[in-house]
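User: I would like to go through this model step by step. Please keep the answers short and end each on the value or name I ask for.

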Amino acid sequence: MHLYAPIRTGEVRLRRRPARKMFCVVCTIGALSILAGRPVTAQAPVPHDIQAALEHTTELMRTPVHVDAQFDYIMTARVRLLLFWVGKDDVGGGYIRRGKLPQDPDSDVIELLIGSDPAKAPRAINRWGAASEIAHKPSGSGHGVESSTFFGFMKVSSGTSAADMEKELAREKRGGSFLFSAIINRGERNFDFAKVVPFSSDTDFTIHQFDQAKSMVFDRMLGSEGRLKEIDAKEVLACGRREGFLESVAELVDFAVKGRETGRETPPALCYFYNGVHHQLTLAQVTKVPSESVKLALRDEPHDYVRTYRDLVLARFENFDQTTKKKTEFELLLGTTGNLRGVPVQIRYQPNWWFQAILNLKTPENAASAQNQ
């Protein structure tokens, strides 16, 4: 069985992977938003073992990934103006890539790039984020994760309304200084730490310039800038899981797709660590959706983008930060049959009261019939 995996150069057929390892990870948008607005202080001297781990981690992240599959998405953005919402299609997008490190056959690598494209977005808005996660699993038939590494990068925004966002954009352009933030989170059996580095750049890197920005960020990660946070070993052991955010979502997506078929009970909240903080991720609700139609007006295209999917489930997730006691939510509309089983055909995320992002999977024109093959 195969899965159509659209890439920028065309639609190709790629090998399908199991549902719990599928491409639910676009919800990393939620995790990336944690980077914005957190205070960062000067860093104390880094312990030798952590500095060595940072060097190893950045070396891993610089390694070219063998990509097995890629899925592209189209972004619709909606802004709340007083009592109503105003939206625009095709203001950005991104991709999810899945693969392995060439030198590590027991690794799972997920790469994510999502955000606005200033060439398409109103007022040339440039807000985007990227993430990579490497999970090393036991050799053979072992279950679980031995270690995980997460790298996140984003264009920082602190606006609390559409008006604030416009003022923020104007200040950036006048000052010629653009704020970004990056994080590395490394977790092992009894060891977990995170380092966050904010920085200003005179280049307003776009979603198309991630590779250029990334190489500069890794050099900064090894320097004295930023803030280091460690998790106490007792807390790491109490959690009992080394899976990060993305692997935790994958486990819950697996239940959402086939849990009811097998009669399994809803899994408990899954713990994981991110940015030096204990989080809990819960599958709050799963709803059957017989069919869903998508209609988008694409920039520079003469015809609307129209797709209809059948036999779906809508999975609502809740993510709880144990430190701030804040809860965030996101939704994934998942295929359950054929080529789209376990694949999010739509992602819905509202980080605040005034902004919504909806991401639609690019599929061939015959996607509605292809999913049932």
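User: Is Phe-180 buried or exposed, and what is its relative accessible area?

Analyst: This is a predicted model. The cut-off for buried is under 20% relative accessible area. Phe-180 is buried, because its relative accessible area is 0%.

User: Which ring is stacked on Phe-180?

Analyst: The structure holds 13 aromatic pairs. In one of them the ring centres are 5.6 Å apart and the planes stand at 20°. Planes under 30 degrees apart count as stacked. The partner of Phe-180 in this stacked pair is Phe-153.

User: How many residues apart in sequence are Phe-153 and Phe-180?

Analyst: Both Phe-153 and Phe-180 are buried. Phe-153 sits in strand 7 (residues 147–155), and Phe-180 sits in strand 8 (residues 178–188). The pair links distant parts of the chain, with a separation of 27 residues.

User: Is the pair of Phe-180 and Phe-205 stacked or edge-to-face?

Analyst: The ring centres of Phe-180 and Phe-205 are 5.7 Å apart. Their planes stand at 65°. Planes over 60 degrees apart fall in the second class, so the pair of Phe-180 and Phe-205 is edge-to-face.

User: Where does Phe-205 lie?

Analyst: Phe-205 is buried, with a relative accessible area of 3%. Its partner Phe-180 lies in strand 8, so the pair ties together parts 25 residues apart in sequence. Phe-205 itself lies in the loop between strand 9 (191–201) and helix 4 (210–221).

User: Which residues do ring pairs link into a cluster?

Analyst: Phe-153, Phe-180 and Phe-205 are among them. Ring pairs also bring in other aromatic residues. The full cluster is Trp-128, Phe-153, Phe-180, Phe-199, Phe-205 and Phe-210.

User: Which helix gives the most to the largest nonpolar core?

Analyst: The largest nonpolar core has 52 residues. Val-249, Leu-281, Leu-283, Phe-317, Phe-330, Leu-332 and Leu-334 have the most contacts inside this core. Eight residues come from the top contributor, helix 6 (residues 245–262).

User: How many residues are in the second, separate core?

Analyst: Nonpolar side chains tend to be buried together in soluble globular proteins. Here the second core includes Tyr-95, Val-109, Leu-113 and Val-217. Its count is 29 residues.

User: Which residue lies over the face of Tyr-95?

Analyst: Tyr-95 belongs to the second core. A charged side chain lies over its ring, at 4.0 Å from the ring centre. That residue is Arg-97.

User: Which residue forms a salt bridge with Arg-97?

Analyst: Arg-97 lies in strand 4 (residues 84–101) and its partner in strand 5 (residues 104–116), so the bridge ties together parts 14 residues apart in sequence. Arg-97 is partly exposed, with a relative accessible area of 24%. The partner is buried at 15%. With closest N and O atoms 3.8 Å apart, the partner is Glu-111.

User: How far apart are the closest N and O atoms of Arg-242 and Asp-192?

Analyst: Arg-242 is in the loop between helix 5 (233–239) and helix 6, and Asp-192 is in strand 9, 50 residues apart. Both Arg-242 and Asp-192 are buried. They form a salt bridge, and the closest N and O atoms are apart by 2.8 Å.

User: Which residue forms a salt bridge with Arg-241?

Analyst: Arg-241 is buried, with a relative accessible area of 12%. The partner is partly exposed, at 28%. In this bridge the closest N and O atoms are 3.2 Å apart, and the partner is Glu-251.

User: What is the phi of Asp-90, and is the residue buried or exposed?

Analyst: Most residues other than glycine have a negative phi. Asp-90 is found in strand 4. At 7% relative accessibility, Asp-90 counts as buried. Its phi is positive, at about 55°.

User: Where is Asn-275, which also has a positive phi?

Analyst: The phi of Asn-275 is near 55°. Asn-275 is buried, with a relative accessible area of 2%. Its place is in the loop between strand 11 (270–274) and strand 12 (277–296).

Technical notes. Residues numbered from 1 in each chain as written. Predicted model: local features only at pLDDT ≥ 70, side-chain atom pairs only at ≥ 80, totals over all residues. Heavy atoms only, no water. Core = buried A, V, L, I, M, F, W, Y, C linked by side-chain atoms within 4.5 Å. Buried < 20%, exposed > 50% of the residue type's maximum accessible area, 1.4 Å probe, protein only. Helix = DSSP H or I, 4+ residues; strand = E, 2+ residues; numbered from the N terminus. Phe/Tyr/Trp six-rings, centres within 6.5 Å; stacked < 30°, edge-to-face > 60°. Lys NZ or Arg CZ within 6 Å of the ring centre and 35° of its normal. Salt bridge = Lys/Arg side-chain N within 4 Å of Asp/Glu carboxyl O.
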